[in-house]
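Biologist: I'm new to this one. Could you walk me through how to read it?

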Amino acid sequence: MNLNCPVCKKPIDQQAAESKTGETAFGAKEIDPSKGTRQFHEGVWYYFDTLNCRTKFTVSPQRYLAP
Ligand SMILES: [Zn+2]
């Protein structure tokens, strides 16, 4: 599967981004920040290559989702 970071457009290894490094108290997946991360936004998982990109997306998702 081919994914790109919506912020910087770099390709993402989804398998690495989803690799489980532990469970939180709520059973949610912990993502290894060195391998990428993701964010659930309006029903869709978005994948990011770095936490920095995810933070930018979280602050203003429309900036990166707008056509
Ligand atoms: Zn990025």
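Biologist: What percentage of the residues in the chain are buried?

Modeller: Keep in mind that this is a predicted model. Buried residues make up 19% of the 67 residues in the chain.

Biologist: And how many helices and strands does the chain have?

Modeller: There are three helices and six strands. Going along the sequence, you'd read them off as β-β-α-β-β-β-β-α-α.

Biologist: Which residues form the largest nonpolar core?

Modeller: The general idea first: in soluble globular proteins, nonpolar side chains tend to be buried together. Here, the largest nonpolar core has seven residues, namely C5, I12, Y46, Y47, F48, C53 and F57. Two elements, β6 (44–48) and α2 (51–59), give two or more residues to this core. The most comes from β6, with three residues.

Biologist: Take C5 from that core. Which residues is C5 in contact with, leaving aside its neighbours within four places in sequence?

Modeller: With those neighbours set aside, C5 has contacts with K10, I12, Y47, F48, D49 and C53. You'll recognise I12, Y47, F48 and C53 from the core list.

Biologist: Now a residue in strand β6, W45. Is W45 buried or exposed?

Modeller: For this you need a cut-off: a residue is exposed if 12 or fewer other C-beta atoms lie within 10 Å of its own. W45 has 12 C-beta neighbours inside 10 Å, so W45 counts as exposed. Leaving aside neighbours within four places in sequence, W45 is in contact with R38 and F40.

Biologist: Let's turn to the backbone. What should I look for in phi angles?

Modeller: Look at the sign, because most residues other than glycine have a negative phi. In this chain, K9 has a positive phi, near 70 degrees. Phi of E42 is positive too, near 50 degrees.

Biologist: Where is K9 in the chain?

Modeller: You'll find K9 in the loop between β1 (3–4) and β2 (11–12). K9 counts as exposed because there are 10 C-beta neighbours inside 10 Å.

Biologist: And where does E42 lie?

Modeller: E42 is in the loop between β5 (37–41) and β6. With 7 other C-beta atoms within 10 Å, E42 is exposed.

Biologist: One last thing, about contacts between residues at least 6 apart in sequence. What percentage of them join residues at least 24 apart?

Modeller: That comes to 31% of those contacts in the chain.

Key:
Residues are numbered from 1 along each chain as its sequence is written. This is a predicted model: local features need pLDDT of at least 70, side-chain atom pairs count only at pLDDT 80 or more; totals for chains, interfaces and linings use all residues. A nonpolar core is a set of buried Ala, Val, Leu, Ile, Met, Phe, Trp, Tyr and Cys residues joined through C-beta atoms within 7 Å. A residue is buried if 20 or more other C-beta atoms lie within 10 Å of its own, exposed if 12 or fewer, and partly exposed in between; C-beta atoms are placed from the backbone. Helices (H or I, at least four residues) and strands (E, at least two) are DSSP runs, numbered from the N terminus. Two residues are in contact if their C-beta atoms, placed from the backbone, lie within 7 Å.
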